[in-house]
Structures are given as structure tokens and as C-alpha cells.
Amino acid sequence: MNAECGRSDHNYPSLLASWRGTKSFQDVSCAGATTNEMWQAQGGNPAQLDALDRNDDLVTVQIGGNDVGFGSIISTCARLGVQDPAGNPCERSYKAGGYDQLALAVLRTAPKIDQVLRAVHRRAPHARVLLVGYPDLLPDDGVGCFPAVPFAAKDFSYLRDTEKRLNLMLRAVAAWNRVEYVDTYGPTVGHDMCKAPADRWIEPLRPAAPAAPAHPNALGEDAMARAVLDRLDHGRGRG
């Protein structure tokens, strides 16, 4: 466990390395990292791209959510949801300027992801590169679960669509850079943070299992690792 980064040794990269019997493995993922931390230190942790080597044969990357602003979005929507639990105050707030600020944030993140993937190719030119998408955080049917997850009823579908827009962008940028995209949303539908503890793979804002808020628990990390493994075993050549 890396305490500064909140990095578990049972996260999906560690599970994947264990299952595949990988002899040499580095996990430099770090909570709160944006694409900036690919090139610059994050606290006492060096730039993530510094971990790459020309001899690497596999690189998995999951990045972009913090560039869009996952943390601030969650806190903003939770605060507004308590004030107007039946409405869509979060959506109204992010669209108050006449455009969707979150949709724009996703678009602005696309070139940053492009730069990351280009840098990965340069530093590990022989590696198979997989860009990992984000799992299903909220109910795919858009039905909320206030107050367990304190977003307003009509904001659940807006936030769900924002995450889907992020994943679609990641898939497109991956294809542009000849990188394989790993869909972790589809395999985790039905196990979002609104589900009962026995069924959920994503912890709510007040976790009941060892995991960060709005992040995968042990079952979620297992599901993500299996999605990456399936891509490695069967997916080369697919979009």
C-alpha cells in the first residue's frame, strides 16, 4: 500500500500482474493524478512517465477523470442535491452559462490524453498499450438513490451521461493513437454505488468497504482486472 497515493496492492494492475505471473512490474498510479502528473512529480512521487522503459512490453493507462474534475463534480453535485433532492440543480449549475461545462471539460481533456499516449509510445515504443476506461459509477438506468448517494433525482442521468461521454472520448483518442481501449463500464453495469453492499463494486460517498469514495472496492478492482485480461487475451485488433 502506498499511503500517499492511496494505492492498493490489490488494485486492478496488481491483480493483473499477479494473474499473469509478471516478473517485472511497476504500478505508479496515484489518487488525484491528472495528465500533468504524467510529466511532473505528485508530492513525493516522481512523474509517472518516468517509470517507462524502452524494453517495456505492456503499459496500461487510466487517466482523464481528474482532468474533467471528478472530485469537484461529486462535491458540488452532492451539496446541491441536498438543497433540491427532487430536481436537477447540478445540471442547471453546470449549464448556467448557456453551455455544458462538463461536456466542454471532456472535450478539453481529449488533447491531453492524446499527448499522454504519444509520450507512452515514445518512451515504450515496443509496448502493447491499453487505455482503460472508467467503470459504471452510477445506475445505468438513471434512477437515483438519494440520500444514500446525495445527488438530486434528475441529476443521476446527467452525471451518468457525462461519464459515458468521457469514456467515448477515451475510446476515440485511443483509436487515433493505435492504442487498445478497455471497456470497464459495460462489465460493471448493475454494480454501481447505489446498489446494496453485497452487490456493489463501486463504493458510495461514505464507503462501507475498504475503498475511496466513488471508487471500486475489491470486487470492482477484480472486475476491472478481468476486463483488461480479456482484452489482452482476446482483444488485439478490436477497436
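Okay, let me start with a definition: I'm calling two cysteines a disulfide when their sulfur atoms are within 2.5 Å. Search the whole structure with that rule and you get 3 disulfides. Keep in mind that what we're looking at is a predicted model.

So, let's go through the disulfides along the chain. Cys5 pairs with Cys30, and the sulfurs sit 1.8 Å apart. The torsion about that S-S bond is -85°, a left-handed link. Cys5 is in the segment before α1 and Cys30 is in the loop between α1 and β1, so the bond ties together parts that are 25 residues apart in sequence. Both of these cysteines, Cys5 and Cys30, are buried.

Next up, Cys77 with Cys90, where the sulfur atoms are 1.9 Å apart. Here we have two helices joined: Cys77 belongs to α3, residues 70-83, and Cys90 to α4, residues 89-94, so this disulfide ties together parts 13 residues apart in sequence. How buried are the two ends? Cys77 has a relative accessible area of 0%, and Cys90 also comes out at 0%, so it counts as buried.

Then there's Cys145 with Cys194, again with sulfurs 1.9 Å apart. The torsion about this S-S bond is about -70°, so we call it left-handed. This one reaches between distant parts of the chain: Cys145 is in the loop between β2 and α6, Cys194 is in the loop between β3 and α7, and they are 49 residues apart. Look at the accessibility, though. Cys145 is at 14%, which makes it buried, while Cys194 is at 21% and counts as partly exposed, because the cut-off for buried is under 20%.

If you number the bonded cysteines along the chain, what pattern do you get? It's 1-2, 3-4, 5-6.

Right, on to the sheet. There are 3 strands, in the order β1-β2-β3, making an open sheet with parallel pairing. β1 and β3 are the edge strands, each pairing on one side only. From one strand to the next, the twist averages 25°. If you zoom in on β2 and β3, they run parallel and are joined by 3 bridges. One contact to find on your screen there is Leu131, whose bridge partner in β3 is Tyr181.

Now the helices that pack on that sheet. α5, residues 101-123, touches β1 and β2, and its direction makes about 155° with that of β2. α6 touches β2 and β3, and its direction makes about 160° with that of β3.

While we're around α6, have a look at Asn177. You'll find Asn177 in the loop between α6 and β3. Is Asn177 buried or exposed? It's buried, at 6% relative accessible area. And what does Asn177 touch, leaving out residues up to four places away in sequence? The contacts are Asp114, Leu117, Arg118 and His121.

Back to the start of the chain for a moment, and helix α1, residues 12-20. The buried residues there are Tyr12, Pro13, Ser14, Leu15, Leu16 and Ala17. Their cover includes β1, β2 and α7, which is residues 218-234. Right after α1 comes Gly21, and its phi is positive, near 65°.

Let me come back to α3, the helix that carries Cys77. As a sanity check on its length, 14 residues at 1.5 Å a residue should span 20 Å, and the end C-alpha atoms are 20 Å apart, which agrees. Along α3, the buried residues are Ile73, Thr76, Cys77, Ala78, Leu80 and Gly81. Among the things covering them are α2, α4, α5 and α6.

Last topic, aromatics. The structure holds 2 aromatic pairs. One of them is Phe70 with Tyr134, an edge-to-face pair at 5.3 Å centre to centre, with 75° between the planes. Phe70 is in α3 and Tyr134 is in the loop between β2 and α6, so we have another link between distant parts of the chain, this time 64 residues apart. As for Tyr134, its relative accessibility is 12%, so it counts as buried.

That's what I had, happy to take questions.

Key. Residues numbered from 1 in each chain as written. Predicted model: local features only at pLDDT ≥ 70, side-chain atom pairs only at ≥ 80, totals over all residues. Heavy atoms only, no water. Buried < 20%, exposed > 50% of the residue type's maximum accessible area, 1.4 Å probe, protein only. Helix = DSSP H or I, 4+ residues; strand = E, 2+ residues; numbered from the N terminus. Contact = heavy atoms within 4.5 Å. Pairing = 2+ DSSP bridges. Axes fitted to C-alpha atoms, helices over the stretch in contact; angles between N-to-C directions. Expected span 1.5 Å × (residues − 1). Phe/Tyr/Trp six-rings, centres within 6.5 Å; stacked < 30°, edge-to-face > 60°.
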